[in-house]
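These are my notebook entries on one structure, kept in the order in which I looked things up. I wanted to follow a few residues from one end to the other, and then turn to the charged pairs.

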Amino acid sequence: MTSRNDLGNALFGMGEPAEAISLLRQTLEDRTRILGPVHPDTLTSRNDLACALDGTGEHAEAVGLLRQTLNDRTRVLGDEHPHTLASRDSLGLALHGLGEHAQAVRMHRSTLDDRIRVLGPEHHLTLLSRHNLASALTMAGEQTEAIQLLRQALNDHARILGDEHPHTLASRDSLGLALHGMGEHAQAVRMLRQTLEDRTRILSPEHPDTLASRHNLALALTSAGEQAEAIDLLRRTLDDRVRILGDEHTHTLSTRNALETALAMSTPRPQSRWWHRLRRRNVAAGGG
């Protein structure tokens with residue numbers, strides 16, 4: 001069961017979410033039956049399954065599993081056990097995915113404070129908590145604090161883990177999105193393009209993180225007025241997400257909506273009668 005759980009996590013990391021979730025779900029069922037619902041290994045399986053579900057957009061089921069796991073780990077292991085803190089961090093991410101941004105910010109802020117105290121300010125899990133708090137702040141509209149935290153997280157990840165570590169790439173992607181949200185579209189495009197190139201090379205062109213980077217770059221390009229390139233990227237991402245995740249998956253729908261927006265922005269619209277009347281009035285008045 002340990003090998004099956006590890007294989008499920010490895011498959012998810014390699015961009016095979018369907019097979020990974022199937023293995024993780026089977027392992028959770030077997031561990032619950034054989035070891036009991038609150039055995040540490042069962043709690044690990046439940047947490048890992050929830051993280052995989054959250055990573056593929058199944059946020060509601062992930063939140064339910066993670067709330068249960070957090071309650072059990074708090075009771076069995078204690079408030080400050082690293083596994084309890086991991087469950088709290090994962091629940092914050094799932095709440096963020098579900099759109100509960102204020103609740104996610106509170107949970108990530110509390111987890112970051114505890115990890116700094118328990119693990120130290122430069123532990124890789126502390127850096128991950130800082131990145132996750134910043135991402136939640138971005139979605140909550142707190143861009144200024146988010147960008148400050150993301151710059152710190154990116155610098156720390158690059159210094160401690162290296163420029164091409166997945167956590168470093170995730171920090172760069174999130175910083176690009178935050179800059180896009182602040183209207184810094186040119187800077188966002190440069191950062192997101194670099195991240196897409198690195199993720200394509202390091203993780204593969206069809207890895208979920210690579211597809212997320214391609215989607216995010218297209219959003220920034222759309223806002224920067226580069227609709228042609230944005231449409232090409234979104235078409236490719238939509239094809240890949242339909243094939244890998246399915247036609248009705250949350251991430252697929254998000255890309256389809258972004259493509260429709262980019263297509264609408266690229267289509268010349270006939271000028272309204274009001275504009276023509278205003279122009280005739282300006283010409284008559286010598287306005288040119």
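Entry 1, a methionine in a helix. I am working on a predicted model, and I began with M265, which I find in helix α13, the helix covering residues 250–266. Its relative accessibility comes out at 48%, so M265 counts as partly exposed, because exposed would require over 50%. I then looked up what M265 touches once residues up to four places away in sequence are set aside, and the contacts are T222 and Q227. I also noted the separation from L234, which is 31 residues away from M265 in sequence and 14 Å away in space, taken from C-alpha to C-alpha.

Entry 2, following the contact to T222. This threonine belongs to helix α11, residues 208–223. Is T222 buried or exposed? With a relative accessibility of 9%, T222 counts as buried, because the limit for buried is under 20%. Apart from its neighbours within four places in sequence, T222 is in contact with Q227, A230, A262 and M265. I also recorded that the side chain of T222 reaches the backbone oxygen of A218, at 2.9 Å.

Entry 3, the nonpolar core. The largest nonpolar core holds 48 residues, and L49, L91, L175 and L217 are the ones with the most contacts inside it. I picked L217 from these and listed its partners, again leaving out neighbours within four places in sequence: V189, L192, R193, L196 and L233.

Entry 4, the start of the chain. I went to M1, which lies in the segment before α1, the helix of residues 2–13. Its relative accessibility is 34%, so M1 counts as partly exposed. Together with I34 and L35, M1 forms a nonpolar patch on the surface, and the accessible area of the three together is about 240 Å².

Entry 5, charged pairs. Side chains of opposite charge can pair when their charged atoms come close. I searched the whole structure for such pairs and obtained 22 salt bridges.

The pair I opened with is D30 and R33, whose closest N and O atoms are 3.0 Å apart. Both residues lie in helix α2, residues 17–35, three residues apart, which is about one turn of the helix. Their accessibilities I looked up separately: D30 counts as buried because its relative accessibility is 16%, whereas R33 is exposed because its relative accessible area is 61%.

Next I took R88 and D114, whose side chains meet in a salt bridge at 2.8 Å, N to O. This pair links distant parts of the chain, with R88 in helix α5 (residues 82–97) and D114 in helix α6 (residues 101–119), 26 residues apart. Both R88 and D114 are buried. I asked which residues form a network of salt bridges with R88 and D114, and the search returned E80 and R117, the four being linked in one network.

The last pair in this entry is D198 and R172, with side chains that meet in a salt bridge at 2.9 Å, N to O. Here too distant parts of the chain are linked, D198 being in helix α10 (residues 185–203) and R172 in helix α9 (residues 166–181), 26 residues apart. I noted finally that D198 and R172 are both buried.

How values were computed:
Residues are numbered from 1 along each chain as its sequence is written. This is a predicted model: local features need pLDDT of at least 70, side-chain atom pairs count only at pLDDT 80 or more; totals for chains, interfaces and linings use all residues. Side-chain values use heavy atoms; hydrogens and water are left out. Patches are made of residues with over 30% relative accessible area and no salt bridge: like charges are joined within 9 Å, nonpolar side chains (Val, Leu, Ile, Met, Phe, Trp, Tyr) within 5 Å. Accessible areas come from the Shrake-Rupley method with a 1.4 Å probe; for residues, only the protein chains shown count as cover. Helices (H or I, at least four residues) and strands (E, at least two) are DSSP runs, numbered from the N terminus. Buried means under 20% relative accessible area, exposed over 50%, partly exposed in between (1.4 Å probe, protein chains only). A nonpolar core is a set of buried Ala, Val, Leu, Ile, Met, Phe, Trp, Tyr and Cys residues joined through side-chain atoms within 4.5 Å. Contact means heavy atoms within 4.5 Å. A polar contact is a pair of N or O atoms within 3.5 Å; within protein, one must be able to donate a hydrogen and the other to accept it, and residues adjacent in sequence count only if both atoms are side-chain atoms.
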